[in-house]
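Reader: I would like a close look at a single part of this model, with its surroundings described step by step. Please begin with one residue and work outward from there.

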Amino acid sequence: MQDFRVKTFLCVCQTLNYTVAAKQLHITQPAVSQHISFLEREYGARLFEYSHRKLKLTKAGSILQDVLATRIHDDALLRRKLHALNDNARRHLKVGMTLTAGKYIAAQPLARFLNAHPEVQATVKSGDTAHLLRLLDDGSIDCAFVEGLFDGTVYACDAFSTERLVCACAPDHAVAGGRASFEELLGMPLFVREEGSGTRAVLEHALAEHNLSLNSFADVSEVGSLDIIKTLLFEGLGISFIYESALRRELTEGALSTIALAGKPIEHDISFIRLKESAFEDEFKTFFDEMRQLRDRGRALDS
């Protein structure tokens, strides 16, 4: 059961503003201050402090936020499980998936999991990694499959699969099927996903390892859809860095080609994440293990 002071605390954590939190909770600002003061006395630690006139969490506040967020999520999950028992209803699982991880890597295993478990009903939400982390923090989803970067000290995580990011281009591109360094690609038009995309974050991280950035390219266009990027590549308009698993059909059919990167390949884990120290961790691990087995089985059938 969620204490109203805990709800106030978590709201202030999200807004970092007492006035905004008061409006969202439909209470007065002095009431917000009282709730925070109560929790500070209860736990014997300062939870917030001002720095350059901006409110921020203290280290103690961050720890308390992580613990309480997990408790609230577990409480919501427990309510759903008990409701399913009482009403003989299906068990509800709320899963988040980033766009590429969902469409090309995790969606098929999830479909096979649901087919094998008719007692489970799934809600799937998509978005970039940052959006899914917010949904996880506020209890809107139970777990997520993400390709983006996140703080591994805050979330429990397991590597669902390791994927290779490749440089894709049209089959008749001047360097198609060849090899090039990042420096040799800088003069080519580059298509990238929108800011916040996990694929883009992985590319930016790889470029930084070579003391480069997206600004190092002479011509960069931001495109919010992978399918549109593929269409632009079909027309020979440039290059893009895309997970190889998302290009499997196009590469098999010869509709697109790749340019091998000099040096080590760009590889990144698709991660299965959830809140740390959940009372339902064993269930999450069971779900993850079966999803990975179904992924392996699907790849064996496709090969």
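Author: At a relative accessibility of 4%, Thr 129 falls under the 20% cut-off and therefore counts as buried. The model in which this residue is seen is a predicted one, and Thr 129 belongs to helix H6, which covers residues 129–137. Leaving aside residues up to four places away in sequence, Thr 129 is in contact with Thr 98, Val 146, Glu 147, Gly 148, Leu 149, Gly 196 and Gly 198.

One of these partners, Val 146, leads to strand E5, which is made of residues 143–146 and is covered on both of its faces. Cys 143 and Phe 145 lie on one side of E5, Ala 144 and Val 146 lie on the other, and all of them are buried. Strand E5 pairs with strand E3, residues 91–97, in the parallel sense, and 3 bridges are found between them; in this pairing Met 97 has Phe 145 of E5 as its bridge partner. Strand E5 is also joined by 3 bridges to strand E12, residues 266–275, and here the two strands run antiparallel, with Ala 144 standing opposite Ile 273 of E12.

From the strands one may turn to a pair of helices, H5 (residues 99–116) and H9 (residues 226–234), whose axes come within 11 Å and cross at roughly 80°. That angle lies between 65 and 115 degrees, so H5 and H9 are roughly perpendicular to each other. Their contact brings Thr 100, Lys 103 and Tyr 104 of H5 against Leu 226, Asp 227 and Lys 230 of H9, and the residues taking part divide into 2 nonpolar, 1 polar and 3 charged.

Another part of the chain, described here for its helices, begins with H1, residues 4–15, which has 12 residues and reaches 17 Å from its first C-alpha to its last, close to the 16 Å expected at 1.5 Å a residue. The buried residues of H1 are Arg 5, Val 6, Thr 8, Phe 9, Leu 10, Cys 11, Val 12 and Cys 13, and just after this helix Leu 16 takes a positive phi of about 50°. Val 12, whose place is in H1, has 0% relative accessibility and therefore counts as buried. Not counting residues up to four places away in sequence, Val 12 touches Asn 17, Tyr 18, Ala 21, Val 32, Ile 36, Phe 48 and Leu 55. By contrast, the C-alpha atoms of Val 12 and His 205, which are 193 residues apart along the chain, are separated by 32 Å.

Among the residues touched by Val 12 are Tyr 18, Val 32 and Ile 36, and these also appear in the packing of two further helices. Helix H2, residues 18–25, and helix H3, residues 29–43, pack at an angle of about 105°, with their axes 8 Å apart, and H2 and H3 are therefore roughly perpendicular to each other. Tyr 18, Thr 19 and Ala 22 of H2 make the contact with Gln 29, Val 32, Ser 33 and Ile 36 of H3, a set that divides into 4 nonpolar, 3 polar and no charged residues.

As for the whole to which these parts belong, the protein chain has 11 helices and 12 strands, and its C-alpha trace spans about 65 × 55 × 30 Å along the principal axes. Of its 303 residues, 44% count as buried. Among the contacts in the chain with a separation of 6 or more, 75% are between residues 24 or more positions apart.

Methods:
Residues are numbered from 1 along each chain as its sequence is written. This is a predicted model: local features need pLDDT of at least 70, side-chain atom pairs count only at pLDDT 80 or more; totals for chains, interfaces and linings use all residues. Side-chain values use heavy atoms; hydrogens and water are left out. Buried means under 20% relative accessible area, exposed over 50%, partly exposed in between (1.4 Å probe, protein chains only). Helices (H or I, at least four residues) and strands (E, at least two) are DSSP runs, numbered from the N terminus. Two strands pair if DSSP finds at least two bridges between them. The expected span of a helix is 1.5 Å times one less than its number of residues. Axes are lines fitted to C-alpha atoms, for helices over the stretch in contact, and angles run from 0 to 180 degrees between N-to-C directions. Angles under 35 degrees count as roughly parallel, over 145 as roughly antiparallel, 65 to 115 as roughly perpendicular and the rest as oblique. Contact means heavy atoms within 4.5 Å. Ala, Val, Leu, Ile, Met, Phe, Trp, Tyr, Cys and Pro count as nonpolar, Asp, Glu, Lys and Arg as charged, and the others, Gly among them, as polar.
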